[in-house]
Amino acid sequence: MINPNEDGITHTNIYSKGKTELGRFLSNFTYFPFTCEDGDFNSVEGYWYWLSTGDDRLRKLDGWEAKKLGRELRGEDWNDSDEFKRKITAAIKIKLDYAKNELSTIRFPLKHYYVFRKCGREIEEIVNEPFSGRWIIEYIESYIKGLK
């Protein structure tokens, strides 16, 4: 069972609300302007939904705004095609290249999970670890291991 209180101690959670700066930076939600083979984007999340919708408004969006518009446009939350994965990992590599020096401080294993707080008689933290995007974590891990 993942203990979210150990984020940055026993692992790094790649999540927009993670406890480490590097974990938050590596999230696809993060505002990080980049240029790739398909042009300019302000986040990997915007690029992700642009790939399935082609709507240029997504080029300027990041975070929940990108996800919200992408879903409104009926963009795909998950795409397992080789071409999609190639384009997303190429975009992620741009971020990794930018943060190359900081990546040596990352705590393994890398995780991606959400923490929800359920309020009742006691506050309970619920951890949800989606496995459909494990290929992203594996790509980041292999990139970092290649630096050593």
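In the predicted model described here, helix H1 provides the largest share of the lining of the second largest pocket, namely three residues. This pocket has a volume of about 230 Å³. Its lining consists of Gly8, Thr12, Thr20, Glu21, Leu22, Phe25, Tyr98, Ala99, Glu102, Thr105, Ile106 and Arg107. By class, five of these residues are nonpolar, four are polar and three are charged.

The largest pocket encloses about 590 Å³ of space. A total of 28 residues line this pocket, and Phe29, Glu45, Trp78, His112 and Tyr114 are the ones nearest its centre. At least two lining residues come from each of H2, H3, strand E5 (114–119) and H5. Among the contributors, H5 gives the most, with four residues. The lining of the largest pocket comprises 16 nonpolar, five polar and seven charged residues.

Helix H5 is also prominent in the nonpolar interior, as the largest share of the largest nonpolar core, six residues, belongs to this helix. In soluble globular proteins, nonpolar side chains tend to be buried together. The largest core of the present model has 30 residues, and those with the most contacts inside it are Leu26, Phe34, Tyr47, Ile88 and Ile140. Two or more core residues are given by each of helix H1 (21–26), strand E2 (34–36), H2, helix H4 (82–98) and helix H5 (134–147). When residues up to four places away in sequence are not counted, Ile140 touches Ile14, Leu26, Ile92, Leu96 and Leu110.

A further residue of helix H5 is Tyr143. With a relative accessible area of 12%, Tyr143 counts as buried, because this value is under the 20% limit. Its contacts, again not counting residues up to four places away in sequence, are Lys93, Leu96, Asp97, Lys100 and Leu103. Although Tyr143 and Leu103 are 40 residues apart along the chain, their C-alpha atoms are separated by 9.6 Å.

Another pairing across the sequence involves Lys17, which is placed in the loop between strand E1 (12–13) and H1. The C-alpha atoms of Lys17 and Tyr113 are separated by 9.7 Å, with these positions 96 residues apart in chain numbering. In contrast to the buried Tyr143, Lys17 is exposed, at 59% relative accessibility.

Helix H3 spans residues 63–72, and its buried residues are Gly63, Ala66, Lys67, Leu69 and Gly70. Helix H2 (44–53) is included in what covers these buried residues. After H3 comes Arg74, which has a positive phi, near 65 degrees. The helix also carries a salt bridge between the side chains of Glu72 and Lys68, with an N to O distance of 3.7 Å. An α-helix has 3.6 residues a turn, so residues three or four places apart point the same way. Glu72 and Lys68 are four residues apart in H3, and therefore about one helical turn separates them. Both partners lie on the accessible side of the classification: Glu72 is exposed, with a relative accessible area of 51%, and Lys68 is likewise exposed, at 55%.

Side chains of opposite charge can pair when their charged atoms come close. In the model as a whole, twelve salt bridges are counted. One of them links Arg57 with Asp55, the closest N and O atoms being 2.8 Å apart. Of these two partners, Arg57 is partly exposed, with a relative accessible area of 49%, whereas Asp55 is buried, at 18%. Another salt bridge joins Asp56 to Arg59, and here too the closest N and O atoms are 2.8 Å apart. In this pair the acidic residue, Asp56, is partly exposed, with a relative accessible area of 47%, while Arg59 counts as buried, at 18%.

How values were computed
Residues numbered from 1 in each chain as written. Predicted model: local features only at pLDDT ≥ 70, side-chain atom pairs only at ≥ 80, totals over all residues. Heavy atoms only, no water. Buried < 20%, exposed > 50% of the residue type's maximum accessible area, 1.4 Å probe, protein only. Contact = heavy atoms within 4.5 Å. Core = buried A, V, L, I, M, F, W, Y, C linked by side-chain atoms within 4.5 Å. 1 Å grid on protein atoms, 1.4 Å probe; cavity = no way out; pocket = protein on both sides within 12 Å on 5 of 7 lines; lining within 4 Å. Points joined across faces, edges and corners; volume = space filled by probe spheres on them. Nonpolar A, V, L, I, M, F, W, Y, C, P; charged D, E, K, R; others polar. Salt bridge = Lys/Arg side-chain N within 4 Å of Asp/Glu carboxyl O.
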